[in-house]
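Q: Please take a close look at one part of this structure, the open sheet. Then show me what surrounds it.

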Amino acid sequence: MLTLFIRAFVLYLVMLLALRGMGKHQLGKFQPYEFAMAMLIADLVSTPMSNVSTPLLHGVLPVAALFITHAAISLICLRSDKARAFISGKPALLINNGVIDRAELLRLSLSLSDLTEGLRAAGLLDPKDVGTAILEANGLISAFPAAASRPPTTAELNVTPAPEGLPLLLILDGHIQPHNLKMSGRGEQWLKDLLARYGLSEKTVLLASLAKTGLLHIQDMDGALLEMRALTPGEVRW
Amino acid sequence: MRVKLISAALVLALCVVFCVVSARSVFSLIDEASALCEKALQAVDRADYDEGRAVLVNIATLWQDAGDTLEALTPHEDLQAVTTEYIEALTELEHMDLDDFYTSMALLREKLRHLRDHESLRLSNLL
């Protein structure tokens, strides 16, 4: 029993390492070869995991072989457009200038229901509002509204938007995040002094996030919300 | 991508080394056991039963000494099948049950050959 437990533990680590090594694609949108790889890995690992008579290496070595193959295919796909098109397929234009390409739908064996489902998943309820829809190589439908149906951009409205970007989470559940604090260009003492001005310490803060505007948004452990100016816009450097 | 390729190359090198070393150790062990089988059969053919028993004991020792390595490399059922056959052959020889002894030895050689075939890089295995 203990053997089974340890083997499961080892094989899980091997599988995790292999999937991690194959990259983030593996965890989200699958290309066809990545999908095949993920299915095979699960199957290869399951036999030695449940059967002590099968050497552990009979699971580990094939996973290693798949990892090597995956790296080779990834390299080929990166270097050659033709190979990528052959291995992963090419995106297909389903709607162009608001017109559904029926021949392309037939070629891809896609029904109109599949198309409208994909459009809804992309946030477009009415097909007449769609300007362009593409079936991506990973099987997902990307859809974009027609010019007349999309909201105007700030450039079209001649409006200068407020700076936006990644807010830095400086405190999470009472713990200062040193990496994010370093990115803000300030030190721990600066943050502690800032909090002390409002009668807070890092231990009493659930979440503190520093926006690109220089405002620090805080929620303390009791749920109280607070907003303070931490940096002037000129001091924001990330 | 560079890190991925380097790790893939590293894993490939490790796998190749491992496969070669493991195949060589399994083959040399099986070849040694097969040679001892022949020796045991020749001894029994000469009616030198003590020598035959001694050689079978040598096979048992060889197999037990390499047990840990073999268990990590080959299916345990196949190893167990070989163990069963040499124990049977030894018992039958001790009881002078020669017909059954020859049957067990034939099965033992066949199971050793099966183990070797299983590990060989051959087209039939690939297909």
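A: The answer starts with the sheet and then moves outward to the rest of the two chains.

The model is predicted. Keep that in mind throughout.

Start with the sheet in chain A. It is open and has 5 strands. Their order is S6-S5-S7-S8-S9, and the pairing is antiparallel. Now look at the edges. Strand S6 (175-176) and strand S9 (225-229) of chain A stand there. Each has a single partner strand, so one side of each is left without a neighbour in the sheet.

Next, follow S6(A) to its partner. Strand S5 of chain A covers residues 168-172. It is joined to S6(A) by 2 bridges, and the two strands run antiparallel. Pick out one residue pair here. Ile171(A) has Ile176(A) in S6(A) as its bridge partner.

A helix also belongs in this picture. Helix H8 of chain A, residues 188-196, packs on the sheet. H8 touches S5, S6, strand S7 (205-210), strand S8 (215-220) and S9 of chain A. The direction of H8 makes about 70 degrees with that of S5(A).

One general point helps when you view any sheet. In a regular strand, side chains alternate between the two faces of the sheet.

Now compare another strand pair in chain A. Strand S3 (residues 130-135) and strand S4 (residues 141-145) are joined by 5 bridges. They run antiparallel. Thr132(A) stands opposite Phe144(A) in S4(A). S3(A) and S4(A) form a hairpin with 5 residues between the strands. In that hairpin, Gly139(A) takes a positive phi near 95 degrees.

Leave the strands and find a loop. Thr54(A) is in the loop between helix H2 (32-50) and helix H3 (57-79) of chain A. Its relative accessibility is 16%, so Thr54(A) counts as buried. Leaving out residues up to four places away in sequence, Thr54(A) touches Arg7(A), Thr47(A) and Pro48(A).

Step back to the whole of chain A. It has 8 helices and 9 strands. Of its 238 residues, 32% are buried. Take the contacts between residues at least 6 apart in sequence: 47% of these join residues at least 24 apart. Chain A exposes about 14,600 Å², and carbon and sulfur atoms supply 62% of that area.

Chain B has another make-up. It contains 6 helices and 0 strands. From the N terminus on, its elements run α-α-α-α-α-α. Chain B has 127 residues, and 37% of them count as buried. Among its contacts with a separation of 6 or more, 67% come from residues 24 or more positions apart. Chain B exposes about 7,400 Å², with 59% supplied by carbon and sulfur atoms.

Finish with the rings. The count over all chains is 1 aromatic pair. The partners are Phe101(B) and Tyr102(B), with ring centres 5.4 Å apart. Their planes stand at 65 degrees, so the pair is edge-to-face. That label applies because the angle is over 60 degrees. Phe101(B) is buried, at a relative accessible area of 0%. Tyr102(B) is partly exposed, at 32%.

Another ring in chain B has a charged residue over it. Arg116(B) lies over the face of Phe27(B), at 4.4 Å from the ring centre.

Conventions
Residues are numbered from 1 along each chain as its sequence is written. Chains are lettered from A and ligands numbered from 1 in the order in which they are written. This is a predicted model: local features need pLDDT of at least 70, side-chain atom pairs count only at pLDDT 80 or more; totals for chains, interfaces and linings use all residues. Side-chain values use heavy atoms; hydrogens and water are left out. Rings of Phe, Tyr and Trp (its six-membered ring) pair if their centres lie within 6.5 Å; planes under 30 degrees apart count as stacked, over 60 as edge-to-face and the rest as tilted. Buried means under 20% relative accessible area, exposed over 50%, partly exposed in between (1.4 Å probe, protein chains only). A charge sits over a ring if NZ of Lys or CZ of Arg is within 6 Å of the ring centre and within 35 degrees of the ring normal. Two strands pair if DSSP finds at least two bridges between them. Helices (H or I, at least four residues) and strands (E, at least two) are DSSP runs, numbered from the N terminus. Contact means heavy atoms within 4.5 Å. Axes are lines fitted to C-alpha atoms, for helices over the stretch in contact, and angles run from 0 to 180 degrees between N-to-C directions. Accessible areas come from the Shrake-Rupley method with a 1.4 Å probe; for residues, only the protein chains shown count as cover.
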